[in-house]
Protein chains: 2
Amino acid sequence: MRFLSLALLVAGPLVAAAQPAVDLEPYRPAVERIQTAALADSAAYERMAYIGDVFGHRLSGSASLEAAIDWILDEMRADGLEGVRGMPVMVPTWVRGEESAELVAPVSRPLVMLGLGGSVGTPAGGITADVLVVGSFDELASRAAEAAGRIVLFDVPFTTYGETVRYRSSGAVEAARAGAVAALVRSVGDYSLRTPHTGTMRYEDGVARIPAAAITSEDAALLRRMQERGATPSVRLSMGARTEPDALSRNVVGEIRGRERPEEVVLLACHLDSWDVGQGVVDDAGGCVVAWESVRLLHRLGLRPRRTVRAVLFTNEENGLRGATVYRDSVGADASNHVFAIESDGGAFAPVGVGVTATDEAFEMIRSIEPLIMPHLVESRAAGRGITRGGGGADIGPLMEAGVAGAHLNTDAVRYFWVHHSPADTVDKLNPGDMAKNVAVMATMAYVLAEIPERVPAGPSSPGSE
Amino acid sequence: MRFLSLALLVAGPLVAAAQPAVDLEPYRPAVERIQTAALADSAAYERMAYIGDVFGHRLSGSASLEAAIDWILDEMRADGLEGVRGMPVMVPTWVRGEESAELVAPVSRPLVMLGLGGSVGTPAGGITADVLVVGSFDELASRAAEAAGRIVLFDVPFTTYGETVRYRSSGAVEAARAGAVAALVRSVGDYSLRTPHTGTMRYEDGVARIPAAAITSEDAALLRRMQERGATPSVRLSMGARTEPDALSRNVVGEIRGRERPEEVVLLACHLDSWDVGQGVVDDAGGCVVAWESVRLLHRLGLRPRRTVRAVLFTNEENGLRGATVYRDSVGADASNHVFAIESDGGAFAPVGVGVTATDEAFEMIRSIEPLIMPHLVESRAAGRGITRGGGGADIGPLMEAGVAGAHLNTDAVRYFWVHHSPADTVDKLNPGDMAKNVAVMATMAYVLAEIPERVPAGPSSPGSE
């Protein structure tokens, strides 16, 4: 998952228009079958584990991503899904290469690091320079004179992902403006067992492109303490990172065509690409399997709703969003036929609810479904329980900007940023029971919104909806 | 901290003899000064951080351990402590060397590993063999025919340290008996972010000495899933581990001599050696600084109790207990002059209480002090709050076997085994406030037991006391 910044707010009524509540009675029998079947099944977990174990992590441009896509396409066809296809997407290819960092003064000590996605490499032999530790962009600005020729370390404690990730995204640009030769950032995560976290960074035209890497919070704290004691830590950073020509990848699509209005689509979204560490299952193979299994479950139960229910396993969410763009472009003017899009990209932990960004009218209609999913939702400080205002996903962002009602499947993600983009994003962090509940919730939402006679209204989201 | 297995139980009365409670009033003024001063001070944290940052981890036989000892001896003398000395101890020297492990089939994947302390290395080029994953010694016994020529992986979930660590200690012996060529063990810890944990292992005469290493719980689970899917995982294990000749190390001693009975000693214990990963501060530089600061605090306040209060920072707790043995031998028949020994080796987290192993009479006397420390104790599921039955320490074990009343400073150690013996045992896991409270509690116990006219009675611990 990346930080979402959707600019969807427009003027509109502050009070939701009164909507006739959806009468849920006609859907209860099918929903009960869906949920009973979902909860009796561990296929979601098993497929997630298979993807993580057999293909491993799946960075855009990697052979492992394409091998996983091939396998999923085969499985979807074997499942009997319709419209199974790989939608071609040209994706960036960033290659990490060999990399290491070590403290060379005032003591010699290896540092645990991960280069940031998109970074350039260092010259052969690496860069050795004194380190300036700062706690914010403001502090860098006030000490800019000290930064020239140095490696700048942004040692910023985690507050929220949105606040903290700015140092990962823009640290290299800001450090380079001050004349630094490389940028290090304390890993963006809220607990660490010497855990490095990678993620994208960006360069800016006209600003020197310097190498950028994350180190663990433990090692960042070590360098800070050394600086506070009056020492000047010196680090040798070596990175073989490089960007190669774009490669061909695919969005994976599988669906059940609507029996009455096949052109109208309820979209279940996730992303199959991951960072090149760990197994990329919390972020986000687990979410993909939830979307895929939700469609498979409707098919297995012989349910063919009025509208099309389509799973799209997007490619290149992590470092380009090319899959999202290609999909949006592929539907063209028909984006208005997407009646609802829900993404699972916060870790397939126990479900907590569904966060919706939509018009007031659409929100009220979607919220009517809450009683059907409530029994499977847990309390969590990660998100509000039930169907709440605000949410979406990076991959469905372009559709939402076009007015499609969007949502996120919220989960008990209190440990999400412990593992996100790190070697600890592994199969064992998820479990069969919670994943089955995610399928129950997503399949219920999909079924009802694809089946009810009236469609979810499109349009710019209402204020307060994010 | 190692697993303690003290055989101290002897026959004795099941009901504690009624003891006259210690009258605490005479000690309250000094105790108030001690606690106020302790809580106003962050010196314990700062010294712990200095040891971790400047010297790093400190395995027996390493230059870093001896450098830390030199620095502490100098600081103790500068502090004005008495009897500051390094007590020579010959310690084992195990050297990790270069090491790595990788899954080579059914897919290729690096594994995160740490060789176990005491293990032999592999031949140059490593050992490549199929893996047999078992969940217990019983399962190994039942599948012994499959183990020959293989690497046996003990994939045992953490229950208690004592239960689980048997696979780390004895896994190589049991695997070798079945004809295995190497042993892997799932790291002994109760949460993992791809965190490997090392620790001692042992060989047995007459059983082949095969290399032994820990892998992360994530990687152990991966191999297990592959085996459950019908594949046979194959691993290449390469370890440069070797044992070199014993080296000279030292127990660090610093004290305040008793004003009336200098020959009677209240001993504050910990161990300064660590495993060769992380910074070795949770286990156990933090405990050492607590013991050291407790003595320094009494000195700084001009308090000279009736008996000697002595801090001993033991060497070689982790892989030999040679420091404990040498100290015990050094006091000879005078062990009976040690009136009380308390060890801090469970992480200097917020204090929860003091666990005591002693005669009933001694326990009741020690427990009288509880009201003085209670305000600084927190509730925790890690241990009972207050002064409770059962506890001790590996370094004071030989003294306790000689009849000395022993105790452990219990803390809110719910994350102790998340970091224990791992690269994540780092300075940031502790904090100044909690460490200061540890000093307040230990210094209070030390002061009162060194000051009260009657000594804590010696003798075999009473039943129920562990």
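Which residues does B:S64 touch, not counting residues up to four places away in sequence? They are B:F55, B:H57 and B:R58. Before going further, keep in mind that this is a predicted model.

## B:S64 and its contacts

B:S64 sits in helix α3 of chain B, the one made of residues 63–79. One of the residues it touches, B:H57, also gets a polar partner out of the deal: the B:S64 side chain reaches the backbone oxygen of B:H57 at 2.6 Å.

## How the two chains relate

Chain B drops onto chain A with a rotation of 180° and 0.0 Å of shift along the axis, at an RMSD of 0.0 Å. The two copies are thus related as by a two-fold rotation axis. The same surface is used by both, since 100% of the contact residues of chain B recur in chain A.

If you want to find the axis in your viewer, go to B:L193. Among the residues of chain B, its C-alpha comes closest to the axis, at 3.0 Å.

## Helix α6 of chain B

Helix α6 of chain B runs over residues 161–177, which makes 17 residues. From first C-alpha to last it reaches 24 Å, close to the 24 Å expected at 1.5 Å a residue. There is a kink all the same: about 65°, centred on B:S170. Just after the helix, B:G179 takes a positive phi of about 90°.

How much of α6(B) is buried? It is mostly covered, with 12 of its 17 residues buried. B:S170, at the centre of the kink, is one of these, and others include B:Y161, B:Y167, B:R168 and B:V173. The cover over the buried residues includes α4 (137–142), β6 (151–154), β7 (182–186), β8 (212–215) and α13 (416–419), again in chain B.

## Salt bridges in chain A

Searching the whole structure turns up 82 salt bridges over all chains. Take A:E66 and A:R250, whose side chains meet at 3.0 Å, N to O. A:E66 is in helix α3 (residues 63–79) and A:R250 in strand β10 (residues 242–256) of chain A, so this pair ties together parts that are 184 residues apart in sequence. Both ends are out of the way: A:E66 is buried at 14% relative accessible area, and A:R250 is buried at 19%.

A:R96 and A:D276 make another such bridge, with their closest N and O atoms 2.7 Å apart. Here the partners come from two loops of chain A, A:R96 from the one between β1 (82–95) and β2 (99–105) and A:D276 from the one between β11 (261–271) and α8 (281–300), so parts 180 residues apart in sequence are tied together. A:R96 is buried, and so is A:D276.

Then there's A:R177 with A:E204, at 2.8 Å between the closest N and O atoms. A:R177 belongs to helix α6 of chain A and A:E204 to the loop between β7 and β8, 27 residues apart. Is this pair buried or partly exposed? A:R177 counts as partly exposed at 47% relative accessibility, and A:E204 is partly exposed too, at 27%. Elsewhere, salt bridges link A:D41, A:R47, A:E75, A:D79, A:E293, A:R296 and A:R300 into a network.

## A buried histidine

A:H338 lies in strand β13 (residues 338–343) of chain A. It is buried, with just 2% relative accessible area. Its side chain makes a polar contact with the side chain of A:Y327 at 2.6 Å. Leaving aside neighbours within four places in sequence, the residues in contact with A:H338 include A:V265, A:L267, A:R310, A:L399 and A:R455.

## Backbone oddities

Two cis peptide bonds in chain A deserve a look. One joins A:A105 and A:P106, with omega about 0°, and A:P106 is in the loop between β2 and β3 (109–111). The other goes from A:D283 to A:D284, with omega near 10°, and A:D284 is found in helix α8.

Which residues other than glycine have a positive phi? A:N316 is one, at about 65°, placed in the loop between β12 (307–314) and α9 (322–331) of chain A. A:H421 is another, with phi near 65°, in the loop between α13 (416–419) and α14 (432–451) of chain A. A:N316 counts as buried at 0% relative accessibility, and A:H421 counts as buried at 4%.

Notes: Residues numbered from 1 in each chain as written. Chains lettered and ligands numbered in written order. Predicted model: local features only at pLDDT ≥ 70, side-chain atom pairs only at ≥ 80, totals over all residues. Heavy atoms only, no water. Helix = DSSP H or I, 4+ residues; strand = E, 2+ residues; numbered from the N terminus. Expected span 1.5 Å × (residues − 1). Bend = angle between axes of the 7 residues up to and from the residue. Buried < 20%, exposed > 50% of the residue type's maximum accessible area, 1.4 Å probe, protein only. Contact = heavy atoms within 4.5 Å. Least-squares fit on C-alpha atoms with pLDDT ≥ 70 in both. Salt bridge = Lys/Arg side-chain N within 4 Å of Asp/Glu carboxyl O. Polar contact = N/O pair within 3.5 Å; in protein donor to acceptor, adjacent residues only side chain to side chain.
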